[in-house]
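Please open the structure in a viewer and keep the selection panel at hand. The tour proceeds by selections.

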Amino acid sequence: MNARKIIIDTDPGQDDAVAILLALASPQELELLGITCVAGNVPLPLTTRNARIICELAGKPETRIFAGCDAPLERKLVTAEHVHGKTGLDGPVLPEPTMPLQAQHGVEFIIETLRAEPSGTVTLCPLGPLTNIASALQKAPDIAPRIAEIVLMGGAYFEVGNITPAAEFNIYVDPQAADIVFKSGAPLTVMPLDVTHKALVTQERNDAFRALGTPVGVAVAEMTEFFERYDREKYGSPGAPLHDPCVTAYLLQPDLFTGRHINVAVETHSELTLGMTVADWWRVTDRAPNATFMGDINAEGFFALLTERLARL
Ligand code: BDR
Ligand code: CA
């Protein structure tokens, strides 16, 4: 079987880092064409730094990493240092990266790649605000029908919001961009908080990462230890939700997830509910389905896959 061609679009972030590591650990199934960075959890200079740190940690300095947009389409950037720490990757002490950033802009890379590769063969994997993806779609509408699938982490329905009472962080930071992506017509698979809040790094799961005894295993244990303090305090949960790795895990083992093909619309106007993903889970409207919105995860299977793969790095 040919490896599936993917572009990871990301704002690392400890959970983004784990998602990238899972992809880098799985070259038989996933051909990572490049990583495009976006401003989100922390500003762009830090997300590009962090992506390079992670690729070097994985022993993959040949990975192509591109800087994308440094601010949302229309709004001012909102960041999440309160969750991820000052650098976005607080927790482990890792060396400053030496691998280069590519000269090309991330948005140009996305457009060029989708035009160059056979139609329907490239999957986009956004793990942060959707600014880069929406900018590419705005600049080059011809790429939309060429996208194999967009598998993204963002939104929430039953869990509602984590950055406001109504909105999940990635969608809230750039709701205009999310609106463009959800209306793009590209096949869309969404990992909302409804799923990711069930992918918790309990003490036992964290111990399993550390027990790998490798630099990657120890760093992942330290990263999740750092950012779980926030969710423990906020939700009283037994560990940090590994949001973004759900995207990579889905590409490797889709049967870990279940959801519904439904209509999902993004609130772009209301001050109160800006960035809310209005998911027609109960199919009470006649709005056409535009996304497979996941609702559940086999968490044991997810952590077994993740630990087994991280051991390969
Ligand atoms: C999302 O926001 C970020 O803080 C995480 O990296 C994840 O992508 C969760 O709401
Ligand atoms: Ca992220």
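The stops below concern the two ligands and their surroundings.

The model is predicted, with local features requiring pLDDT of at least 70, side-chain atom pairs counting only at pLDDT 80 or more, and totals for chains, interfaces and linings using all residues. Residues are numbered from 1 along each chain as its sequence is written, chains are lettered from A and ligands numbered from 1 in the order in which they are written, and side-chain values use heavy atoms, without hydrogens and water.

**Ligand 1.** Select ligand 1 and the residues near it (a heavy atom within 4 Å): Asp15, Asp16, Asn41, His84, Leu127, Met153, Asn162, Glu168, Phe169, Asn170, His243 and Asp244. Helix H1 (14-24) and helix H6 (169-173), both DSSP runs (H or I, at least four residues), each supply at least two residues of this shell.

**Polar contacts.** Next, display N or O pairs within 3.5 Å. Oxygen atoms of ligand 1 lie 2.7 Å from a side-chain N or O atom of Asp15, 2.9 Å from one of Asn162 and 2.7 Å from a polar side-chain atom of Asp244. Taken alone, ligand 1 exposes 280 Å² (Shrake-Rupley method, 1.4 Å probe), and the protein buries 96% of that.

**The calcium ion.** Now select ligand 2, the calcium ion, whose donors (N, O and S atoms within 3.2 Å for Ca; water is not among the atoms, so sites may look incomplete) come from Asp11 (OD), Asp16 (OD, twice), Leu127 (O) and Asp244 (OD), at 2.3 to 2.6 Å. Leu127 lies in the loop between strand E4 (122-126; strands are E runs of at least two residues) and helix H5 (131-139), and Asp244 in the loop between strand E8 (240-241) and helix H11 (245-252), so this pair ties together parts 117 residues apart in sequence.

Key: Polar contact = N/O pair within 3.5 Å; in protein donor to acceptor, adjacent residues only side chain to side chain. Donors = N, O, S within 2.8 Å, 3.2 Å for Na, K, Ca; no water.
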